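User: Could you take me through this structure step by step, with the terms explained as they come up?

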Amino acid sequence: MLQYLILELEMVFSWLNLLAKFGFSNITGIDYSPSAIQLSGSIIEREGLSNIKLKVEDFLNLSTKLSGFHICIDKGTFDAISLNPDNAVEKRKQYVKSLSRVLTVKGFFLITSCNWTKEELVNEFSEGFELCEELPTPRFSFGGRSGSSVAALVFQKT
C-alpha cells in the first residue's frame, strides 16, 4: 500500500474511491454536511473500501485533529467558497490558512476550478504555495481565441 495521508475536501463519490482502489491508504474525506458523509460512507461500504476515513469537518473552521496530510485534493470547494455572498474574500483567505495548516511542508495541493483561471489561482495561493504543474484540461476555440473552461493545478506548500 502507498502510505500517504490524503485529504479530500467536501466530497461524495470522489477521487478517494479511485485512489483507494489503486492502493493508497490513510485516505480521509471531509464534508461539513453529515448527510454527505453518510452517503459517501454507504458508497464506500458498498465498494468494499476499508482504507478511507470520513469526517464531518468544516474546512473553514477545522478541528485541531486534522493535520499532517501529504496531499489535499479540491474539486469545487474553493469555487463554492468563492461564490458565497457573505464575505467571500475573507473566506478565501481562511481557506488558504486552513490548507496551510492541514498540509505538511512540501505537501501537494491539487485543485480543479471552473470559476478561476490559472493566473487567478496562482495569485490566490501565492502565500505559502508554489505552482508545480498545470494539468491538461479540455480546450475550446471561439472567435479566433482558444481557452479552457476548467483550471487544474498542482501546488506545493513551501
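The questions and answers below deal with an annotated domain and with aromatic rings.

Analyst: This is a predicted model, in which local features need pLDDT of at least 70 and side-chain atom pairs count only at pLDDT 80 or more, while totals for chains, interfaces and linings use all residues. Residues are numbered from 1 along each chain as its sequence is written, and side-chain values use heavy atoms, with hydrogens and water left out.

User: Which residues does the UniProt annotation "domain: Methyltransferase" cover?

Analyst: The annotation comes from an unreviewed UniProt entry, and such annotations may be inferred rather than shown by experiment. The span it marks is 39% helix and 30% strand, and its end C-alpha atoms lie 21 Å apart. The annotation covers residues 19-132.

User: Why is the pair of Phe78 and Trp116 called stacked, edge-to-face or tilted?

Analyst: Rings of Phe, Tyr and Trp (its six-membered ring) pair if their centres lie within 6.5 Å, and planes under 30 degrees apart count as stacked, over 60 as edge-to-face and the rest as tilted. The centres of Phe78 and Trp116 are 5.5 Å apart and their planes stand at 45 degrees, so the pair is tilted.

User: Is Trp116 buried or exposed?

Analyst: Buried means under 20% relative accessible area, exposed over 50%, and partly exposed in between (1.4 Å probe, protein chains only). Because its relative accessibility is 14%, Trp116 counts as buried.

User: What kind of aromatic pair do Tyr95 and Phe125 form?

Analyst: Both Tyr95 and Phe125 are buried. Their rings lie 6.0 Å apart, centre to centre, with 70 degrees between the planes, and this pair is edge-to-face.

Note on methods:
Helix = DSSP H or I, 4+ residues; strand = E, 2+ residues; numbered from the N terminus.
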